[in-house]
Every structure is written in structure tokens, then in C-alpha cells.
Amino acid sequence: MGDSTTSTTAAGQAPRPQETKKATVAPTRWADLEDEAPEESSASSTSEAKAALELDVENLAIDENKKINKFLDEPEDSNIKAVTSGDTPYTSAFTFEELKLSPELLKGLYVEMKFEKPSKIQAISLPMILNPPFMDLIAQAHNGSGKTTCFTLGMLSRVDPNIKAPQALCICPTRELAIQNLEVLGKMGKYTGITSECAIPMDSTNHIPINKRPPVTAQVVIGTPGTIKKWMSAKKLSVIHVKILVFDEADHMLAEDGFKDDSLRIMRDIERMSSHCQVLLFSATFNETVKNFVSKIVKRDHNQLFVKKEELSLESVKQYKVNVPDELSKVMVIKERIFEFGERLGQTIIFVRTRNSASTLHKSLVELGYDVTTIQGALKQEDRDKIVKEFKDGLTQVLISTDLLARGFDQQQVNLVINYDLPVKHDNRTEPDCEVYLHRIGRAGRFGRKGAVFNLLCGDMDQMIMSKIENHFGTKVAEVHDWRNEEDFKAALKAAGLL
Ligand code: AMP
């Protein structure tokens, strides 16, 4: 983190000021944050996706003999189902060289990112993304399996350095994810000279009215949908040259209770202004409703990659449930049974359901002498940025978070995730939110690393929700038998490979 890059505006530096944001109201939606208010729905597409050809997935498998990076087990992607459209043959790439990337990009991958070879999702999707006719792609990839690289390379390799105008746009659901993606792009593209800018809401102290700002000249723009839309409406963000449009966490970006209206509006506006813009939709989860909807809005022939939901839980991350009698015992389990093992566990994220729950737990742990930080959507933007930076820099070990960080947050040192509260649907607290569950557990075990998840269950309702989660994924989550017994926790952490 924090590498100085070409002209990147990243977290550590002051990003471009943005409109004043009203005080955030109580959480009603996923991720507890209302970054920007959605606008009216735009007309939905009527054209259907054309029939697609099945790709021979067997031929997409990575040759194990050619595996260089032996100390990491890649996330199990063997069940990726690829469906390609048209008659373009794609061969998966064993090396980055095969992708015919520029020397500058290769240097970025090897020197800055320290990657050795493409992960499986990269091997399969990059040939589809990087080669003419630059077809649209809907891709599902396991948490932590390297999807950011897929769309970042896609964006960087399509930019014409001679055109000093936006040519690639990436839209993310939270400012944290936008900043993180911008940093990856800056690092990977360090030797390319490609410029980039973050389009996220700014705090009031840095506020400059939109009409007083110069037009965007950065070649890649990464941001949240409300701000991108605002910049476009104010004619400060030209999309005439945009050749590639990426939606990160695409299912949420296109979900009814997510950013669907803003996302569609942006997509339509770009389609109107730019002759052919490749659209990439990436996420670890796509439920059937969103999947059907996405296939309809991506009108042209497009390629698809999907993973069966049963295959989505990360094998490298061991999941546990712990039954406790009351709230206080949850705190005791965290303190006396889990944190007891100290630094050996690496960094930890504790997920809670509400902002209140976040501050109560924060208080309890601080009172017990723990140095924890807490992030939630009601905090000021600059405080959110600071807390994330401190955690990413390793200055803090334990982070309490609402679902604000459930998706996409990438910190390789996170070995442990604790679900202090189980994720439930906002409109029905008796139903689990299985997608959020999957995203939360994916914060541990990045890129095949070992990890553990402890689900703290208190009462019948929690147990019922947990068993619904197990049924949904067709897995049995192991139980830590006695919450008072240190040996049980030790055994669990050992089995997860953390001790
Ligand atoms: P992502 O799923 O894109 O958030 O990536 C998860 C983690 O895997 C990130 O920390 C990446 O830096 C890392 N990663 C992605 N691709 C590779 C690769 N080809 N080799 C090694 N690490 C990778």
C-alpha cells in the first residue's frame, strides 16, 4: 500500500474534493452505508442475450507441473463454468507473457505486485478480456482469487497513452473498495505512465463546487456510482473515449436494493456516447435474479464464467460455530478463547450487524484492555480512510466492522474473521444473507491462504439462521463444543492451520 504511482490519487494522498455529503442516516441497506442517493430508474433493456457456446472447460485447467508458486494453494476454481459467445477461440494463459501485455505492464506485475503467474480465474478470463473483439464478460470468481487483476489489466491494457481523457471506468459499491482498486491499478500500472483518479464523495473540508472543477483528464477513473454519475451530469467527466467499463461487486451494483438505477444510467449514457465500450461485470456472488437481469442488460454477445454456489466457500478457510449463552459470553470468547493466542493469529476482522453493536463491542473490548478500531458508515469519510489505512499498514490488529467491509476488502494478513452477529437480510431478520456471509468469510484466506471463521451463536434464532446458511451452501460447519474450553479453541485453530 501507499506506493507512489504515476498520477494516481490514492488513499494516503488527498483525493479530489467532492460535494458535501449530508450526515449519514441510520442503516437501511447493505453495507450500512448510503454513500450516495440513488436516482430514478432508467428504462431497462429489452434485447435478450444471444445463445452462447459452451467452452471446453477441461482445456482451461492449469497444468500443475507448470505451477511455480508452490507455497500457496490457489482457491479451488476447478468448477468454473465458462460459456463463450461467438466463434472466438480462447486458450487459457499459463504465463503473463502469453497475454501479450506491454513490457511496462509485465514489469508492474512482477516487480510491483510480485506475481509469478496468473491465477486460475486470471488464466481463464484474461484472454477473453484482452483479445479482440473485446467481448463483454460476466464473471464470478471466488473471494480472494485474483479478480481485481483481471479487470485492472483489462483497463490498463486498453488505454491509449496519447489520449489524455478518461478511457476506462470502474464502478465500486464503497469508497473503501474504490480507493483499494485505485491503489492496485496505480501499483500495477506504475511503469505505464497511465493516469488515474478516484471519484468518491469527499468530506466537507475539501469541498469544491463541481462547476469550479476542471474536467477530468485522468485516463482511468475508479469510483462510486453517485459521484461518477454526478461528474458525468455536470459534464466534467467525458465518456466519449471510454472503451471499457467495469463493475466490481457487480451483483450488488445491479441489485434492486443496491445501486441498480445509478449503474444502469451510467451504462446507458456511456453506450450512447461511446461507439463500443466493453463491459466487465465481476463478483464472487450472483444470485439467480441478478444473473438473469445481468444477462439481459448486457445486450451484445458476451462471455460468462460461473461457479456453482456449493463450490464457493473457500476450502482454505475453516468455519466454526460456537454456541454461547449470552452477549457477555461472546465478548469473553473473543477475549479469553481467541485473542489469548495473540499475534500468532495475524489480523482479525469482527463483523457486527449494526452501528450500535459496533460501538458497544468496541467499548467492551477497549475496557478489557484491547486495542481495537471500528469502522462503520456513520463515521466521517476521513476517519474511515484513516482506520482502513492503519489496518492495512498493520498498525492495528483487530478491526470491528459492519458490512461496510464485507465485500472486496483485501488484506492478506487477515487470518481470522469473527461473526459477532450473523448476517441477516435487512427486511427479514429471520433470514440469513448468505451472500454477505460468503463475502465476509472471504476476508480471510486471501489467495488461498489459511484462515478461520468463528460464528458466535446466541439463542435459537442464531442457530436457525446458521443452519439455513449451512443448508444453502450444502456444508456442515464444525462446532466448537464448549465455549469455556480453551483446548477446544486451540484444536480448532490448529485444524485451520493457524497454530
Ligand atoms: P483479489 O481477489 O483480486 O482481491 O486478489 C486477492 C489477493 O490475491 C490480492 O492480495 C492479490 O494481490 C493476490 N493475487 C492476485 N493475483 C495473484 C497472482 N497471480 N499471484 C499472486 N497473488 C495474486
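What follows is a working chat about this predicted model.

Reader: Before I look at details, how many helices and strands does the protein have?

Author: The secondary structure of this predicted model comes to 14 helices and 18 strands. Of the 499 residues of the protein, 51% count as buried, and among contacts with a separation of 6 or more, 82% are between residues 24 or more positions apart.

Reader: Then the ligand, please: which residues come nearest to it?

Author: There are 14 residues around the ligand, and those that come nearest are Phe-115, Gly-146, Thr-148, Asp-410 and Phe-447. Helix H3, residues 147-158, supplies the largest share of that shell, namely three residues.

Reader: How many of the shell residues are nonpolar, polar and charged?

Author: The shell divides into three nonpolar, eight polar and three charged residues.

Reader: And where does the shell lie with respect to domain 1 and domain 2?

Author: The shell lies between them, because domain 1 (80-311) and domain 2 (317-496) both give residues to it.

Reader: Back to Phe-447 for a moment; what is its phi, and where is it found?

Author: Phe-447 is not a glycine, yet its phi is positive, about 50°, and the residue is found in the loop between H12 and E17. It counts as partly exposed because it has 19 C-beta neighbours inside 10 Å, whereas a buried residue would need 20 or more.

Reader: Since H12 came up, how many of its residues are buried?

Author: Helix H12, which spans residues 434-441, is mostly covered, with eight of its eight residues buried. Among them are the charged residues Glu-435 and Arg-440, together with nonpolar ones such as Val-436 and Leu-438.

Reader: What do they pack against?

Author: The buried residues of H12 pack against strands E10 (317-323), E11 (347-351), E14 (414-419), E16 (428-432) and E17 (451-457), and also against helix H13 (460-473).

Reader: What about H5, is it enclosed or open?

Author: Helix H5, residues 225-233, is largely enclosed by the rest of the structure, because eight of its nine residues are buried. Those buried residues, including Lys-229, Lys-230 and Trp-231, pack against strands E4 (168-171), E5 (196-199) and E6 (220-223) and against helices H6 (250-253) and H7 (260-273). H5 is followed by Lys-235, whose phi is positive, near 60°.

Reader: Changing topic to the largest nonpolar core, which members touch the most others?

Author: That core has 132 residues, of which Met-155, Val-246, Val-294 and Ala-452 touch the most other members. Helix H4 (residues 175-188) gives the most to the core, with seven residues. Because domain 1 (80-311) and domain 2 (317-496) both give residues to the core, it lies between them.

Reader: What does Val-294 touch, leaving out residues up to four places away in sequence?

Author: With those left out, Val-294 touches Ile-138, Ala-250, Leu-254, Leu-281 and Phe-286.

Reader: I always check backbone geometry before setting anything up, so where is there a cis peptide bond?

Author: A cis peptide bond joins Pro-132 and Pro-133, with omega at about 10°, and Pro-133 sits in the loop between helix H2 (120-130) and strand E3 (136-140).

Reader: And Lys-114, is it buried or exposed?

Author: Lys-114 counts as exposed, because it has 7 C-beta neighbours inside 10 Å. Its place is in the loop between helix H1 (103-112) and H2, and its phi is positive, about 65°, although it is not a glycine.

Terms used: Residues numbered from 1 in each chain as written. Predicted model: local features only at pLDDT ≥ 70, side-chain atom pairs only at ≥ 80, totals over all residues. Core = buried A, V, L, I, M, F, W, Y, C linked by C-beta atoms within 7 Å. Buried ≥ 20, exposed ≤ 12 C-beta atoms within 10 Å, placed from the backbone. Helix = DSSP H or I, 4+ residues; strand = E, 2+ residues; numbered from the N terminus. Domains from an automatic or database assignment. Contact = placed C-beta atoms within 7 Å. Near = placed C-beta within 6 Å.
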